[in-house]
Amino acid sequence: MKLKSVEMHARIISSLATVKLHQVFVNNSDSPVECVYKFPLDPSFVVTGIDIKMGDTFITTEIMEKRQAKERYDDTVGQGHTAVKVEYNEELPNVIEMNIGFLPEKHTVEIDVHLSTNCQVIKHGNFSFVMPINFLPNFILEILPEQKHQSTVFSAKIELISQSEITS
């Protein structure tokens, strides 16, 4: 799997920040694969949703008991259909693990991870927004050395909405 691009869109209203990370992956192999996707999550952020798109297909998620989710995932992939399972990784704190099973050859998958956090209050009316970027390939090369020769496009947009004057 190749990480093709990452787009971050942050929207900040007063002290609340909502972030959408849009990531595009490509299966360049000649056969279906299972993609195991590990996403580090800063403890100050909360995942509010995950959307997945493959071609014209949208995969929706539903929350269920872990054992039931694993059985359903295994059954669906075993029948030759694409399935997604998302869970917190018990061995690595603050890591979300997503399995995309039976991702067809030469297919692109787009993953939107929706996050929320409260901005740090510096002093009354002044806030600080910090977005960790340890999900970018340059920051995870030690963990995933096979990604060393990949190029990935990263773009970011931050939208500030305030009822007060914004100054530098």
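**Figure 1. Overview of the predicted chain, with burial and secondary structure.** A residue counts as buried under 20% relative accessible area, as exposed over 50%, and as partly exposed in between (1.4 Å probe, protein chains only). The model is predicted, with local features needing pLDDT of at least 70 and side-chain atom pairs counting only at pLDDT 80 or more, whereas totals for chains, interfaces and linings use all residues. Residues are numbered from 1 along each chain as its sequence is written, and side-chain values use heavy atoms, with hydrogens and water left out. Of the 168 residues in the chain, 31% are buried. One helix and eleven strands make up the secondary structure of the chain, both being DSSP runs numbered from the N terminus (helices H or I, at least four residues; strands E, at least two). Along the sequence, these elements follow the pattern β-β-β-β-β-α-β-β-β-β-β-β. Among the contacts (heavy atoms within 4.5 Å) with a separation of 6 or more, 67% are between residues 24 or more positions apart.

**Figure 2. Close-up of the six-stranded open sheet.** The strands of this sheet, read across it, come in the order β5-β4-β8-β2-β1-β11, and their pairing is mixed; two strands pair if DSSP finds at least two bridges between them. Strands β5 (57-59) and β11 (153-161) form the edges, and each of them pairs on one side only. On average, neighbouring strands of the sheet are turned by 15° against each other, direction ignored, where axes are lines fitted to C-alpha atoms (for helices over the stretch in contact) and angles run from 0 to 180 degrees between N-to-C directions.

**Figure 3. Close-up of the pairing between β1 and β11, and of the loop after β1.** Strand β1, which covers residues 2-13, runs parallel to β11 and is joined to β11 by nine bridges. Within this pairing, Ile13 of β1 has Ile161 in β11 as its bridge partner. Ser14 belongs to the loop between β1 and β2 (16-26). The phi angle of Ser14 is positive, at about 55°, although Ser14 is not a glycine. With a relative accessible area of 52%, Ser14 is exposed.

**Figure 4. Close-up of His22 in strand β2.** His22 counts as buried because its relative accessibility is 13%. When neighbours within four places in sequence are left aside, His22 is in contact with Ser5, Val6, Glu7, Glu110, Ile111 and Asp112. For one of these pairs, His22 and Asp112, the separation is 90 residues in sequence, while the C-alpha atoms are 4.5 Å apart in space.

**Figure 5. Close-up of Thr57 in strand β5.** This view is centred on an edge strand of the six-stranded sheet, since β5 pairs on one side only. Thr57 has a relative accessible area of 43% and is therefore partly exposed. Thr57 and Val109 are separated by 52 residues in sequence, and their C-alpha atoms lie 9.6 Å apart in space.

**Figure 6. Close-up of the three-stranded open sheet and the helix that packs on it.** The order of strands is β3-β7-β6, and the pairing is antiparallel. At the edges stand β3 (33-40) and β6, each of which pairs on one side only. From one strand to the next, the twist averages 15°. Helix α1 packs on this sheet and touches β3, β6 and β7, and the direction of the helix makes about 155° with that of β6.

**Figure 7. Close-up of the pairing between β3 and β7, with Phe102.** Strands β3 and β7 run antiparallel and are joined by seven bridges. In this pairing, Val33 stands opposite Leu103 in β7. Phe102 is also placed in strand β7, which covers residues 95-103. The phi angle of Phe102 is near 60°, a positive value in a residue other than glycine. The relative accessibility of Phe102 is 30%, so the residue counts as partly exposed.
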